[in-house]
Amino acid sequence: MVSINRVAVSLALAVLVDLSLFFASGCVDALGVFGNLTRLWLCAALRCLALTAVVLLGVGELKPLLTRFTAVHSALPAVLESASRALYHEGTRCGFPADVRCWVMFAGASLAAAMFWELAIPDTDEDNDDNKKQESKQLFVRVLVLYKPFYHLLAGGFLFLALAVTCETFIPYYIGRVIDILSHEYQHNEFTSAVLYMSLFSLGSSVSAGCRGGFLLCAINAFTGRIKFQLFDALTKQEIGFFETVKTGQLTSRLSEDTTLMAKTVCLNANVLLRTFIRTMGTIYFMMSLSWKLTLLVLMETPVTGLIEKVYDTYYQRLSLALQNSLAKAGEAVTEAVSGIRVVRSFKAEKHEACRYGNLLKDINTTKTRQGTATAVCLLAQRFIGLGMQVLMLYYGRRFINSGHMTTGSLVSFILYQSHLGLGIRILAHSIGSMLNSVSAAGKVFEYLDRKPQVSTDGELKPDAMKGHVTFQQVNFAYPTCPEKKVLQDFSLELKPSQMTALVGASGEGKSTCVSLLERFYEPQDGQILLDGKPLNSYEHHFLHEKIAVVNQDPVLFSTSIRDNIAYGLSDCSLDQIQEAARNAGAHDFISKLKSGYDTVLGETNSLLSKSERQRIAIARALVRHPQVLVLDEITSSLDGHGENKVQEALARCSNQTLLIIAHRLKTIERADQIVVISQGRVEEQGTHQELMARKGMYYKQREKLFTEGAEPQRRPHVVD
Ligand SMILES: Nc1ncnc2c1ncn2[C@@H]1O[C@H](COP(=O)(O)OP(=O)(O)OP(=O)(O)O)[C@@H](O)[C@H]1O
């Protein structure tokens, strides 16, 4: 920690050194050793070095605020002189032998500028903030890159934007010209041309603004469509576990709101930034050309009002926090007094409680009064400074008019330009920050776009012929949403080609989980599942889902035609193939009887069809892919006797496939070549119906309990087509 004394001594020393160099520069000018500009730039470098050295020696470190102040303060005389000579071919008074008033003016302006920078664009040492900024920048650039196919629209939008703002900037200039012409001897030609130019610029500004809106809107719409498609595509590739952990509302909000926000914020922010930048630069250019002295005067207002606003914001936020606390305390006091009213009454503490509440109300009142006063003082100070600046501007403006440096018209133009300058500069100072903040929606969208599905889909195996031999090898599995609960433990099972296996067990024992693993909705934590001796993940994703088809208890049919429902997901599927699958599934007859046959469009609720008919369409959808393994997960449990018979007939036709059936009905199960009993995620028993019955184990007991039909077992009839 540096002592106050040391800081004061360093400050005094710095002022002394700087003033000495400043005056020495004036003396050198008298000697005529260097040219005026060379002298000023050399002096700037020397002063900057000397000030840096004094600060480093005295305080030991150079804070960003001091660095900025030192650099601006040292370079200002040289910059001002160079700019004035380049633009107006005349020097400033400050370029000549040093004038202490100039030194004070430079010091004040540099300090105001450095403070404004510090408050408007504060430096943060925290890594977190830096990382956040860095991330936001990367996101912003990424969104811009994604806009690539629509760069022509953006370019059109920004071109018209630049045109609109440029035209708009000329208008005050021509208003001043018109006033000048009217206040002097009237010259018709000049008046007409000034009014004509003014009208042309107004027209140009309006037309360009319209075109800008059109181009940017098209760019936003096109981008939103593209990003929505990419996001939807990425989402559909995620593993099933992802959809169980992420809420549907969150996904739809990403798709509908965040994508739109992402497209808009970047485009609109760039629009505001570019518009304000061009307008502010144009305004400063015109103001400088009208009177650079008045411009410098006016520019001094912005850092001062900005500073006041910043101080006000900080103070107001502190007061808001205090107000929240006081409100919470008052609320607490009321709750306590009301809930403990018996204690209050018995201790005669009514007055005490009322006083306590009254004091808290006083606190609230005081804080609110302070807030109001702060707002009033801030407004007053800003208005006062603005008014003072306008008075000064008018005072100097009149002096310049008298001395012939300005005309009345140019002063009017100047006033028109000046009115929006402060706001423009403040928007520019904050725009980068707000632009970076606005890409947070893009961050959320990219999070899903970049997400790699945890169940990989990069297998490549696509053998020409398959047997349909499935093996579960010591599989251990827990759902991602519930990792501590083992659903399958050391689970081993073999599904032999062209045989029917029935999985039985009480509810919640893990039967459907086996099907989910077979479909690769999830990846087992241990062990592996093989198809014809090869791990499931080595097969090509689409190929695997053609070879293993699943029909569920309540199949989802889409609101398209029956034909499209059967050929769902297949791009080249002829009507003949669809009809053949429907025949095998026992669905052809009832479909043919419908008025529009295979072109019948199913309603949202599929009310046109009975449960068994829907099941048979779902079976046809599975069979049209010529699967080698067909899985039927409780498809008959909700059917009536007639419906069940129809589905059983359909199953009997599936003699070439390896069948895995999960069912609770004896009629379905006892046909199986192999019955596997699952209990607590393990294979408890397996064998044919007769073998398991003879063993009198779990299957036998479950049969007593669950399968009350008592029919004698029949082997599955193999129907030859
Ligand atoms: N998506 C999931 N996330 C977390 N746990 C699940 C999930 N699906 C099922 N489970 C749990 O896994 C266990 C096995 O469920 P599974 O659906 O495989 O049983 P099941 O034998 O098919 O039952 P049922 O005959 O009632 O369909 C149950 O305890 C169930 O609560």
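The residues of the shell around the ligand divide into four nonpolar, seven polar and five charged, and together these 16 residues surround the ligand in what is a predicted model. The closest of them are Lys485, Ser507, Gly508, Ser512 and Thr513. When the shell is sorted by secondary structure, helix H16 supplies the largest share, namely three residues.

Where do N or O atoms of the protein lie 3.1 Å or 3.0 Å from an oxygen atom of the ligand? The first of these distances belongs to a backbone N or O atom of Glu509, and the second to a backbone N or O atom of Gly510. A side chain also takes part, for an N or O atom in the side chain of Ser507 is 2.6 Å from an oxygen atom of the ligand. Taken alone, the ligand exposes 630 Å², and the protein buries 69% of that area.

From the ligand the path leads on to a sheet. Four strands form an open sheet in the order S2-S1-S4-S5, and their pairing is antiparallel. Its edges are strand S2 (488-495) and strand S5 (534-535), each of which pairs on one side only. Helix H16, which spans residues 511-518, packs on this sheet and touches S1, S2 and S4, while its direction makes about 110 degrees with that of S1. H16 therefore belongs to two parts of the description, since the helix packs on the sheet and also gives the shell around the ligand its largest share.

Within the sheet, strand S1 (residues 470-477) and strand S4 (residues 526-531) pair in the antiparallel sense over five bridges, and the bridge partner of Val470 in S4 is Leu531. On its way to the edge, S4 also pairs with S5 in the antiparallel sense, here over two bridges, with Pro535 in S5 as the bridge partner of Leu530. S4 and S5 form a hairpin with two residues between the strands, and in this hairpin Asp532 takes a positive phi near 50 degrees.

A second sheet remains to be described. Six strands form this open sheet in the order S6-S7-S8-S3-S9-S10, and here the pairing is mixed. Strand S6 (548-551) and strand S10 (682-687) stand at the edges with a single partner strand each, so one side of each is left without a neighbour in the sheet. From one strand to the next, the twist averages 20 degrees.

How do strand S3 (residues 500-504) and strand S9 (residues 674-679) run, and how many bridges join them? These two strands run parallel and are joined by four bridges, with Val676 in S9 as the bridge partner of Leu503. S9 and S10, by contrast, pair in the antiparallel sense over five bridges, and the bridge partner of Ser679 in S10 is Arg682. S9 and S10 form a hairpin with two residues between them, and Gln680 in the turn has a positive phi of about 50 degrees. Strands of a sheet pair through backbone hydrogen bonds, either parallel or antiparallel. Both senses appear along S9, which runs parallel to S3 and pairs in the antiparallel sense with S10.

At the other end of the strand order, helix H21 (residues 611-623) lies across S6 and strand S7 (629-633), and runs at about 175 degrees to S6.

Terms used:
Residues are numbered from 1 along each chain as its sequence is written. This is a predicted model: local features need pLDDT of at least 70, side-chain atom pairs count only at pLDDT 80 or more; totals for chains, interfaces and linings use all residues. Side-chain values use heavy atoms; hydrogens and water are left out. Two strands pair if DSSP finds at least two bridges between them. Axes are lines fitted to C-alpha atoms, for helices over the stretch in contact, and angles run from 0 to 180 degrees between N-to-C directions. Contact means heavy atoms within 4.5 Å. A residue is near a molecule or strand if one of its heavy atoms lies within 4 Å of it. A polar contact is a pair of N or O atoms within 3.5 Å; within protein, one must be able to donate a hydrogen and the other to accept it, and residues adjacent in sequence count only if both atoms are side-chain atoms. Accessible areas come from the Shrake-Rupley method with a 1.4 Å probe; for residues, only the protein chains shown count as cover. Ala, Val, Leu, Ile, Met, Phe, Trp, Tyr, Cys and Pro count as nonpolar, Asp, Glu, Lys and Arg as charged, and the others, Gly among them, as polar.
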